[in-house]
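Please look over the sequence and the three-dimensional structure shown here before reading the short report that comes after them.

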Amino acid sequence: MCFMVQAAEKGEIAPAVALPLLQDSGGPVLLAEYEGQIIYLDFWASWCPPCLVSMPIMNEIRNRLQDEGIAFEVLAVNVDSHPEDGIDFLLDSPVDFVVLSDPEGTSPAAYGVRGMPTSYLIDPEGKIVMVHEGFKRSDGEKIEQKILEMAGNSQ
Amino acid sequence: MKKSLALLPLIIPAGLVCSSCQPVQAWERGTLAKPEMAIDADPMETTLNTHIFFSKEASNGGHNAAGGGCGCN
Amino acid sequence: MKSRSLIALTTSALALPGITSTANADSPPTESSFGYRVSTYEEDNLPEEFLFLGDPERYDITIHQFQLVTPVGENYGLTLSSSYESMSGASPWYALPVFEGEKSIVMSGATIHEQRRDYNLSLRRYQDNGNYAFSIGTSRENDYYSWSGGFDIARNFNNDLATIAGGVSVSNDDINPTDAALFNRVTDESKRTSSAFVSVSQIIDQNSLFQSSLNMTRHKGFLTDPYKLGDTRPDSRTQWAWSNAYRRFVNSLDAALHLDVRFYNDDFGVNSLTLNAAWYQNLGDNWQITPSIRYYSQSAADFFTPVNDFSLYGVPNSSDYRLASYGAVSGGLQVQTFIDDMSLVFKIERYVTDADYSIHNGQSSPALVNFTRMSLGVSYTF
């Protein structure tokens, strides 16, 4: 890949995503289908340790916020060039949110992802509110706080 | 001046290698992340080898600074 | 079952500068791992045709290694390693002018039994664009005590495609030879070592990377071998090593090629070349077989003499085979298997030296050493 794409920044409209599901046949799933909800769009791979730390934590946060009635969803995009590696990880640590597959890397290219993992908090209007590179355990709290703030503002 | 000349062996190969480099994007590094692709794929084996060869050969020095010695050389 | 690459990442790559950064944003270990390895090697007996006097049976050595890697907080990784080494056997004491055939080597009389213990601790801080670490270590034998300390730092550039790393270390060794009075050996000597390195790592493409590093080490103090008769060496030594490493993954064969070249030079007059090649062949998800080959060649030190010249008292001279011109070829085979959170490894290696293998100048020694080494190891991620 020789081209460099302008990175999707805070304040911009999130580039479109249309990808098949990782584990089940079917799709494509479109990011646009989730308009009206707060979206945590996460680019991850099985070979990236901090990505794997984030998965169960984001799963917990997603379930907790949904239980509280907040319109929030996690969309994870697996970028393993061998999707089976991503599937293997999810068989051991299943998650409740939707995981998409992008072995060609077209969507991280469109977002100009610079590190693994990178996640994007997208508001109900489709605008990027936060770009987050890397993942530590304590980042979960910060991200949850930000989502609660966004949910408070939109009510 | 002499010190900066000493860095040439590092800069020249890196430059030669780089001229054929393609920008590898963050999500394209799965193969490079494989453990067998590490410069030092097995630190315990490397420690052992360094120690054995240090005690049998006149040379030492590798990809990092020297550690402590032993009475074996 | 955890991802195999995750297990290995926590045990290996994360502990090293310029490695993880080539693939991931710098990140501390996310899990802990423990490794144990036992290795044993036997030096071949000194051939009878060279033995003038003493015990031809050279060293048998057993080394137990332990390593613990664990995250500390969210930004630090701690590596604790230790080894326990025991040796027994005899070693060349001095070399006489030839009286009869080629017999010249006098081995130490009695079998020597020795133990060595070392402990090393390193704490690495991970940052967005690199990492740095402090390390300390000690090594103790009944006649030898060494401590060391070091610092290294790595910074990533060019969208994490390149890493520049550097580091310094110092150590102090105290030498108190046994039976000093009996053999008129020195009693209380020491040497200081300081060392520095710089390295550049570069991702070439999705399947290959390259690292070049330059290392300088300076020793000052007592550099003579106190257990050899008629051994006198200069009281300082400066060593330069230029190392290059190339790693390439071959997707069609599911294997990784390692190539390493090192050029070495010091002011004892030793030049050397080291070539290493290894082929990490994956067999399915749970097995890996790695054949490897190493070639080494060195020139003799300026003050090396194949036989001791006892008239040179106080002037640098040594008949230590390690300062002779020779070449060495070694071949190894490693088998590794991954079972859930565990990995088992077995390795066998044969090391053979010969004066004729050398591409360098200088005289050789009849006391060159050959050996066979076996290692068995286990590591566990939790």
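The report below deals with some local backbone features and with the surroundings of one strand residue.

The model is predicted, and its backbone holds a few details that a new reader may wish to locate. Most residues other than glycine have a negative phi, and most peptide bonds are trans. In chain A, the peptide bond that joins Met116(A) and Pro117(A) is cis, with an omega of about -10 degrees; Pro117(A) itself sits in the loop that runs between α3 (106-111) and β6 (118-122).

Two residues of chain C, neither of them glycine, have a positive phi, as the table shows.

| Residue | Phi | Place in chain C |
|---|---|---|
| Asp254(C) | near 55 degrees | loop between β13 (236-250) and β14 |
| Asp340(C) | near 50 degrees | loop between β17 (326-339) and β18 (342-354) |

Asp254(C) has 15 other C-beta atoms within 10 Å and is therefore partly exposed, whereas Asp340(C) counts as exposed because it has 12 C-beta neighbours inside 10 Å, and a residue with 12 or fewer is classed in that way.

The strand β14 of chain C, which covers residues 255-266, contains Asp260(C). This residue, Asp260(C), is partly exposed because 19 other C-beta atoms lie within 10 Å, while 20 or more would be needed for a residue to be buried. Leaving aside residues up to four places away in sequence, Asp260(C) touches Ser243(C), Asn244(C), Ala245(C) and Asn276(C). Asp260(C) and Ser212(C) are 48 residues apart in sequence, and their C-alpha atoms are 9.7 Å apart in space.

Methods. Residues numbered from 1 in each chain as written. Chains lettered and ligands numbered in written order. Predicted model: local features only at pLDDT ≥ 70, side-chain atom pairs only at ≥ 80, totals over all residues. Helix = DSSP H or I, 4+ residues; strand = E, 2+ residues; numbered from the N terminus. Contact = placed C-beta atoms within 7 Å.
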